[in-house]
Structures are given as structure tokens and as C-alpha cells.
Amino acid sequence: MNRAANASALGYGAFALTLWLNSMTPAGWFDQPWDNSLLQLLTVLLGGCVLAIAGILQWRRGNSLDTLLFLAFAAYWWVHALYQHTLADGAHVTTSAGFLGWYDMVWAFLVFCAWIAACGDGVARMLFTGGLCLALFAAALSQWIHLEALAVLGGYLGLVTAVVGIYIAAAEVVNETHGHTVLPLGETTQKP
């Protein structure tokens, strides 16, 4: 039997690890120098390349929600890493806090639309997309009103969302390996 592997675990795993690593700084766990080349490389490879591969594989399986999340956020993480690289090179960046707020807000709106779709795909994906939307919304507000507490809140929301993403990745692998549900994802309908 020739069947395509479920790349959902790969995508949520890469997404969650990238989100976790990039949420620690806004959460206030440590100061992040812009020249942290390891974080930039991890963001590009995990969040950019691996997530894009998982998105293409999920597209081939016909999974629209995962395709949207994985391919869109592969681009998001590429832009994030290139922005950090530009700052590390000492280039003068003329991006205003207002624009950065709108940048996060349009991503939050995209994820809100994905959350609506996730409402029919199970509780775990609803929590993941909902948490991601709130984290981006908090980041946007922190840029607009210059309130550090909102950035910290966004960082912690990102960390919690990353934990949900790791659970989804683990559940996808464990359930497929065992041939039945071991770790529930809270599906609302039966999948073919």
C-alpha cells in the first residue's frame, strides 16, 4: 500500500519549536541580542524551510488548514529571521512601531480566519490557532501603545501556544503509529 505520510506532526513540531524559541525574549526570560545567529538559523530552517515542506505535503493530502498555517507562517518566519539579520548587520531600519503593529495585526487577522476553520477540526487546533491569534494581537497592541506588559503577555501566549503545538505533533505521530486515538485532539467530526 502506497500512502502519503501525514506531515501534520512535522509541521506542528517545527512551528511549535520556532514559536517557543522566538517567544522567550518577549516573555522576558532573557534579553535577545539581534546578532543571535543561532536563533536566526533555527528560525529559517525550522520555521521557514521545514514548515514550508510540511505545508506542501499537507497540501498534497488535501488538508487546507494545515497548508494555510504552515505555508503562510513559513513566510512569516523567513521575514522574521531576515529582519533580525538586517538589524544584526547594523543596517538602519526605518520601520515604525505603528507599521510593526499593523504587521502583527494582519497576521492575527489571518490566524483568526484559520481559527474559524479550526472550529470544525478539533479542540487542539482551535486552541493552537486561538493562542497564536491572541499572541499576535498582544504583540500588535504592544507596538501601538508601547506597553511592555502586552509584549510579555504576547510572549507567554506564544509559549503556551507552542506547548499546544507540541502536543498536536505528538498526538499525530502517536495516534497514527498505534492505529487508534491514544492522545485525543478533540475532533468534532470523523476524518476519512
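In which helix is the place of V174? Select V174 to find out: the residue belongs to helix α6, and because its relative accessible area is 24%, it counts as partly exposed. Bear in mind throughout this tour that the model on the screen is predicted.

**First stop: V174 and its surroundings**

With V174 still selected, add A9 to the view, and you will have two residues that are 165 residues apart in sequence although their C-alpha atoms are 9.6 Å apart in space. If you then display the contacts of V174, leaving aside neighbours within four places in sequence, the residues to look for are V182 and L183.

**Second stop: E172**

Stay in helix α6, where E172 is also found, and show its side chain. E172 has a relative accessible area of 12%, and it is therefore buried, since the cut-off for that class is under 20%. Apart from residues up to four places away in sequence, E172 touches N6, S8, A9, R125 and L185. Of these, R125 deserves a selection of its own, for the side chains of E172 and R125 make a polar contact at 2.7 Å, and the pair also qualifies as a salt bridge, with 2.7 Å from N to O. R125 lies in helix α5 whereas E172 lies in helix α6, which spans residues 148-178, so this pair ties together parts that are 47 residues apart in sequence.

**Third stop: R125 and its acidic partners**

Centre the view on R125, which counts as buried because its relative accessibility is 2%. Next, select D121, with which R125 forms another salt bridge, the closest N and O atoms being 3.7 Å apart; D121 is buried, as is R125. Then add D66, whose side chain meets that of R125 in a salt bridge of 3.5 Å, N to O. This pair links distant parts of the chain, since D66 sits in helix α3 (residues 64-88) and R125 in helix α5 (residues 123-145), with their positions 59 residues apart in sequence. D66 and R125 are both buried.

How many salt bridges does the count come to? The count is three, and if you keep D66, D121, R125 and E172 displayed together, you can follow them as one network linked by salt bridges.

**Fourth stop: helix α1 against helix α3**

From D66, widen the selection to the whole of helix α3 and add helix α1, which covers residues 8-23. The two helices pack at an angle of about 30°, and their axes are 11 Å apart; viewed as a crossing, α1 passes α3 in the left-handed sense. To see the contact itself, select S8, G11, Y12, F15, T18, L19 and N22 on the α1 side, and D66, L69, F70, F73, W77, H80 and Q84 on the α3 side. Sorted by class, this contact of α1 with α3 has seven nonpolar, six polar and one charged residues.

**Fifth stop: T18**

Within helix α1, pick out T18, which is buried, its relative accessible area being 2%. Two polar contacts of its side chain can be inspected here: the side chain of T18 reaches the backbone oxygen of A14 at 2.8 Å, and a polar atom of the T18 side chain lies 3.2 Å from the backbone nitrogen of G47. Beyond the residues up to four places away in sequence, T18 touches L42, T43, L46, G47 and W77. If you also mark L45, you will see that T18 and L45 have C-alpha atoms 9.3 Å apart in space, while the two residues are 27 residues apart in sequence.

**Last stops: F99 and H146**

Move now to F99 in helix α4, the helix of residues 97-118. F99 has a relative accessible area of 52% and is exposed. Select A140 together with F99, and the C-alpha to C-alpha distance is 9.2 Å, for two residues that are 41 residues apart in sequence.

Finish at H146, in the loop between α5 and α6. Is H146 buried or exposed? With a relative accessible area of 63%, H146 is exposed. Check its backbone as well, where phi is near 55°, a positive value in a residue other than glycine.

Definitions and conventions:
Residues are numbered from 1 along each chain as its sequence is written. This is a predicted model: local features need pLDDT of at least 70, side-chain atom pairs count only at pLDDT 80 or more; totals for chains, interfaces and linings use all residues. Side-chain values use heavy atoms; hydrogens and water are left out. A salt bridge is a side-chain nitrogen of Lys or Arg within 4 Å of a carboxyl oxygen of Asp or Glu. Helices (H or I, at least four residues) and strands (E, at least two) are DSSP runs, numbered from the N terminus. Buried means under 20% relative accessible area, exposed over 50%, partly exposed in between (1.4 Å probe, protein chains only). Axes are lines fitted to C-alpha atoms, for helices over the stretch in contact, and angles run from 0 to 180 degrees between N-to-C directions. A crossing is left-handed if the near helix is turned anticlockwise from the far one by less than a right angle, and right-handed if clockwise. Contact means heavy atoms within 4.5 Å. Ala, Val, Leu, Ile, Met, Phe, Trp, Tyr, Cys and Pro count as nonpolar, Asp, Glu, Lys and Arg as charged, and the others, Gly among them, as polar. A polar contact is a pair of N or O atoms within 3.5 Å; within protein, one must be able to donate a hydrogen and the other to accept it, and residues adjacent in sequence count only if both atoms are side-chain atoms.
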